[in-house]
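Could you walk me through this structure in plain words? I'd like to know what to look for as I turn it around on the screen.

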Amino acid sequence: SLLTTYEKAQEHAQSAINWYLRARRPKRLCGRATRLGAIGCTFIAGVLPIIIQIYAVNGKAPFEPAWASVALAVAALLVLIDRFFGCSSAWMRFISTEHDIRRLLHEFQLEWETDKATWQAGAPSLEQVQRMIGRCKTFIGQVDAAIGKETATWIAEFQDALKQIDETAKAKALVAEQGGLNLQVKNGDQADGAWKLSIDDGAETERTGTSAALIGIQPGLRKIRVAGFIANKPRQVESVVSVTGGAIATIQVSL
């Protein structure tokens with residue numbers, strides 16, 4: 001039974017080593033492919049504007065500069081895929097964990113042979129049997145602890161990747177969402193007739209009174225221009241307001 005316990009302990013460690021040896025190969029290939037692809041796309045994005053300038057004919061570019069942005073987007077996507085599936089980090093974790101388990105196995109085997117050399121007439125005493133079984137128990141626990149540590153690291157990295165993806169998606173959704181604006185013209189009721197309103201030098205709309213509610217405004221910095229006549233004298237005012245997706249901004253002006 002002592003020999004069986006010893007062999008089972010070795011098999012447990014060797015099985016873990018073999019698993020990590022098999023599992024790290026696809027992770028290595030995936031990690032290298034995504035990282036090299038990201039490096040290549042980033043390089044292309046940086047070189048494209050220079051190539052456009054060199055090969056431009058009569059000021060006409062051989063292809064659209066927007067392809068540089070496409071290359072950068074592909075590079076970011078490759079990095080995101082690598083982080084989500086944990087290819088590069090898993091490859092390094094598997095190498096480290098496999099080395100740790102292999103070191104524990106070698107130490108266990110050497111300690112076992114050292115204890116075995118103290119047997120009298122080739123057979124262990126009851127005390128030696130108990131000590132060596134305890135050593136097997138400790139060794140199996142060390143192997144399981146190494147596997148558990150690697151698994152806990154993977155869980156933490158995966159949760160962090162999911163959190164970052166969720167935060168990025170929420171931020172993009174917030175940017176894409178339109179906002180609103182409450183405009184207050186303090187002396188708008190004094191205007192000769194209607195006053196005119198335009199956003200970002202766009203088309204003018206006529207308004208009356210001292211307020212205007214606007215919806216469907218793209219997020220970002222927006223230039224507001226109000227123009228009209230008071231006592232037959234032209235008046236105009238411009239102001240910049242920050243519009244946030246899903247929120248309503250307020251601005252006050254006077255003609």
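Find L183 in the middle of things: across from L183, in strand β7, stands I251. Keep in mind that this is a predicted model. The two strands here, β1 and β7, run parallel and are joined by six bridges. Now look to the other partner of β1. Strand β1 covers residues 179–185 and pairs with β4 in the antiparallel sense, over five bridges. One of the matched pairs there is L181 with L214 of β4.

Put those together and you get an open sheet of three strands, in the order β4-β1-β7, with mixed pairing. The edges are taken by β4 (211–217) and β7 (248–253); each has a single partner strand, so one side of each is left without a neighbour in the sheet. Neighbouring strands aren't quite lined up, either: ignoring direction, they are turned by 20 degrees against each other on average. As for β1, five of its seven residues are buried, so the strand is mostly covered. If you're wondering what holds such strands together, strands of a sheet pair through backbone hydrogen bonds, and they can do so in a parallel or antiparallel way.

Next, let's go to the helices and their rings. A pair of aromatic rings is described by how far apart the centres are and by the angle of the planes. The count for this model comes to 10 aromatic pairs. Take F84 and F158: their centres are 5.6 Å apart with 50 degrees between the planes, which makes a tilted pair. F84 sits in helix α2 (residues 66–85) and F158 in helix α4 (residues 126–176), so this pair links parts of the chain 74 residues apart. F84 counts as partly exposed because its relative accessibility is 28%, and F158 is partly exposed too, at 29%.

Compare that with F108 and F139. Their ring centres lie 4.3 Å apart and their planes are at 5 degrees, so this pair is stacked. Because F108 lies in helix α3 and F139 in helix α4, the pair ties together parts that are 31 residues apart in sequence. Both F108 and F139 are buried. They also belong to a cluster in which ring pairs link Y6, F108, W112 and F139.

Last stop: T97, which also has its place in helix α3, spanning residues 87–116. Is T97 buried or exposed? Its relative accessibility is 8%, so T97 counts as buried. A polar atom of the T97 side chain lies 2.9 Å from the backbone oxygen of R93. Leaving out residues up to four places away in sequence, T97 touches Y20, A146 and E150.

Definitions and conventions:
Residues are numbered from 1 along each chain as its sequence is written. This is a predicted model: local features need pLDDT of at least 70, side-chain atom pairs count only at pLDDT 80 or more; totals for chains, interfaces and linings use all residues. Side-chain values use heavy atoms; hydrogens and water are left out. Helices (H or I, at least four residues) and strands (E, at least two) are DSSP runs, numbered from the N terminus. Buried means under 20% relative accessible area, exposed over 50%, partly exposed in between (1.4 Å probe, protein chains only). A polar contact is a pair of N or O atoms within 3.5 Å; within protein, one must be able to donate a hydrogen and the other to accept it, and residues adjacent in sequence count only if both atoms are side-chain atoms. Contact means heavy atoms within 4.5 Å. Two strands pair if DSSP finds at least two bridges between them. Axes are lines fitted to C-alpha atoms, for helices over the stretch in contact, and angles run from 0 to 180 degrees between N-to-C directions. Rings of Phe, Tyr and Trp (its six-membered ring) pair if their centres lie within 6.5 Å; planes under 30 degrees apart count as stacked, over 60 as edge-to-face and the rest as tilted.
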